[in-house]
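Visitor: I am new to this structure and would like to know what the terms used for it rest on. May I ask about them one by one?

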Amino acid sequence: MAERGKFIVFEGIDGSGKTTQARILKERLEKAGKKVFLTVEPTSGEAGTLLRRCLRGEADLPEEAISGLFMTDRIDHIKDPKDGILVHLAKGEWVISDRYYFSSYAYNSMYSPMDWVISINSLARDLLKPDLTFYLDISPELFNERTRSRGTTERYEDTEVLRTVRENYFRSFALFPDEKVEVVDNCSGIEETADKVYAILSEHFGL
Ligand code: TYD
């Protein structure tokens, strides 16, 4: 049986650059000979599709129900028998996920107590903890600029909201000292950040 792959997560507020960095890391790992599965939450599964409709304002559910849907989508993401994260890891692939449970702690606890958000996600944490989480940190000024230039208007993309989300991320990291979280400043160039990410990864896993 193949040696289990590593599970790497990128976290950050909207506009933090995690999607770009996840893609670059995939390319770099592939160059290093790894097989890599790049994935994202919300997923394109049943719960994820409904979630994206809620995020675009096309469907309306109470905030607690949305938090529950993120959890449901996450369990599907982990356990889907064909394409779930566990299936890929078991084949020896490295899995890179753009968002995972820290996103729920940071975003969904704007509307409900963080304790509750953490507790409804406990099954996901029991099933699968990341081997390493990168938190890409950007300054409030930069996220304002980046989200404005993308012209996006999704529900969480207001500057004040994102400030709160950023605080929630750090609050939740402090609650889980056993989680391996690396905070990487992403205020400079894309390549510079990609180099930092790869150096940290190499340190952790001896690439
Ligand atoms: P995002 O990465 O911004 O996707 P896109 O670039 O396609 O817009 O993620 C979608 C939104 O979902 C984002 O604003 C954060 C939110 N979210 C939560 O509120 N809770 C969660 O558990 C996850 C995974 C995401």
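Visitor: How many nonpolar, polar and charged residues does the shell around the ligand have?

Guide: This is a predicted model. By class, the shell has seven charged, four nonpolar and three polar residues. The ligand is surrounded by 14 residues, and the closest are Asp-14, Lys-18, Arg-74, Arg-99 and Ser-104.

Visitor: What makes Asp-14, Lys-18, Arg-74 and Arg-99 charged by class?

Guide: Asp, Lys and Arg count as charged, as does Glu, so these four residues belong to that class. Ser is not on the nonpolar or the charged list, so Ser-104 counts as polar.

Visitor: Which helices supply at least two residues each of the shell around the ligand?

Guide: Helix H2 (46–55), helix H3 (63–79) and helix H5 (101–108) do. The largest share, four residues, comes from H5.

Visitor: What makes the pair between Ser-104 and the ligand a polar contact?

Guide: A polar side-chain atom of Ser-104 is 2.5 Å from an oxygen atom of the ligand. The cut-off is 3.5 Å between N or O atoms, so the pair counts as a polar contact. For Arg-74, an N or O atom of the side chain is 2.9 Å from a ligand oxygen. For Arg-52, a polar side-chain atom lies 3.4 Å from a ligand oxygen, and this value too is within 3.5 Å.

Visitor: How much of the ligand does the protein bury?

Guide: The ligand exposes 550 Å² when taken alone, and the protein buries 88% of that.

Visitor: Why is Val-117 called buried?

Guide: Val-117 has a relative accessible area of 0%. Buried means under 20%, so Val-117 meets the definition. Val-117 is in helix H6 (residues 114–120). Leaving aside residues up to four places away in sequence, Val-117 touches Ser-104, Tyr-105, Asn-108, Ser-109 and Ser-112.

Visitor: Why is H5 called mostly covered?

Guide: Eight of the eight residues of H5 are buried. Among them are Tyr-101, Phe-102, Ser-104 and Asn-108.

Visitor: How do you know that the buried residues of H2 are on the same side of the helix?

Guide: The buried residues of H2 are Ala-47, Gly-48, Leu-51, Cys-54 and Leu-55. They cover an arc of only 115° around the axis, which puts them on the same side of H2. These buried residues pack against H3. Just after H2, Gly-57 takes a positive phi of about 80°.

Terms used: Residues numbered from 1 in each chain as written. Predicted model: local features only at pLDDT ≥ 70, side-chain atom pairs only at ≥ 80, totals over all residues. Heavy atoms only, no water. Near = heavy atom within 4 Å. Polar contact = N/O pair within 3.5 Å; in protein donor to acceptor, adjacent residues only side chain to side chain. Areas by Shrake-Rupley, 256 points an atom, 1.4 Å probe, with all protein chains shown as cover. Buried < 20%, exposed > 50% of the residue type's maximum accessible area, 1.4 Å probe, protein only. Arc of directions from axis to C-beta. Contact = heavy atoms within 4.5 Å.
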